[in-house]
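Colleague: I would like the reasoning behind some of the labels used for this model. Please take me from value to cut-off to conclusion.

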Amino acid sequence: MEEGLNEKEWILCRIQGDMFRDSFRYAECCSPMVIRRLMNSDFIKYLDSGYFLRMCSTPTDPFTEIEKQFGHSEYGKTKYTQDELYWIGYIYRYWCIKYNVSSKRLYKFLPANALRAMYPKYHTLPAAEAVERIREAKGITGEDVNEQVNYAPGFRNFVPLPKREPLTPEQEAAYREEIAKGVKFLRELREKQEKEAAAAADVAYEDKP
């Protein structure tokens with residue numbers, strides 16, 4: 001589990017990482033565009049709010065939803081690797097949680113191409129360290145990213161989300177139930193994807209002369 005996150009928040013990071021990685025297979029437009037659409041979508045607000053039970057039942061659901069919101073697009077040819085996509089999605093979510101910032105606001109000062117450029121140097125680091133290195137590389141320094149965004153050029157209109165209130169015992173119990181369902185959802189989704197990949201590999205092998 002990542003430093004500074006509880007179990008539920010860690011699962012949210014993994015869910016978003018998987019979602020971004022799935023865009024390699026299921027999104028028809030280029031990676032920079034699909035990431036921009038995801039980070040500005042109504043769909044991603046479920047993750048920003050901390051809930052994921054209403055997220056999706058199949059890997060294609062996020063991309064169906066953003067097409068409904070923004071329209072169909074096959075623009076662009078640039079495709080990031082699946083490892084890059086997972087890392088970008090994971091780091092975005094970790095940053096949003098740690099610094100209490102929405103996906104839309106974070107994307108405004110850290111677009112996909114800027115974050116991808118950091119992948120070679122920082123993808124092997126723990127998320128907490130990677131985020132701090134990225135902040136330093138981008139010239140965002142100090143105790144709090146919200147404060148630094150306020151002072152960084154071009155980011156003076158930044159307004160952080162309200163701070164999260166402590167959970168009541170009832171909320172804590174409900175969140176623990178969500179965590180269990182989320183873990184089950186991730187496991188079943190990954191098993192399904194692995195079976196699909198294995199079946200596709202078998203078909204490709206059988207088709208060889």
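Modeller: What follows covers a helix pair, a single helix and one residue after that helix; the model is predicted.

Colleague: Why are α2 and α4 called roughly perpendicular?

Modeller: Helix α2 (residues 31-39) and helix α4 (residues 61-70) pack at an angle of about 80 degrees, and their axes are 10 Å apart. Angles of 65 to 115 degrees count as roughly perpendicular, and α2 and α4 therefore get that label.

Colleague: Which residues make the contact, and of what class are they?

Modeller: V34, R37 and L38 contribute from α2, and P62, F63, I66 and F70 from α4. By class, 6 are nonpolar, none is polar and 1 is charged. Arg counts as charged, so R37 of α2 is the charged one.

Colleague: How do you know that the span of α5 is close to the expected one?

Modeller: Helix α5 (residues 82-99) has 18 residues. From its first C-alpha to its last it reaches 26 Å, against the 26 Å expected at 1.5 Å a residue.

Colleague: What makes α5 largely enclosed?

Modeller: Buried means under 20% relative accessible area. In α5, 14 of the 18 residues are buried, so the rest of the structure largely encloses this helix.

Colleague: What is notable about phi of N100?

Modeller: N100 comes just after α5, in the loop between α5 and α6 (103-109). Its phi is near 55 degrees, a positive value in a residue other than glycine. Most residues other than glycine have a negative phi.

Colleague: Why is N100 called buried?

Modeller: The cut-off is under 20%; N100 has a relative accessible area of 7%, so N100 is buried.

How values were computed:
Residues are numbered from 1 along each chain as its sequence is written. This is a predicted model: local features need pLDDT of at least 70, side-chain atom pairs count only at pLDDT 80 or more; totals for chains, interfaces and linings use all residues. Side-chain values use heavy atoms; hydrogens and water are left out. Axes are lines fitted to C-alpha atoms, for helices over the stretch in contact, and angles run from 0 to 180 degrees between N-to-C directions. Helices (H or I, at least four residues) and strands (E, at least two) are DSSP runs, numbered from the N terminus. Angles under 35 degrees count as roughly parallel, over 145 as roughly antiparallel, 65 to 115 as roughly perpendicular and the rest as oblique. Contact means heavy atoms within 4.5 Å. The expected span of a helix is 1.5 Å times one less than its number of residues. Buried means under 20% relative accessible area, exposed over 50%, partly exposed in between (1.4 Å probe, protein chains only).
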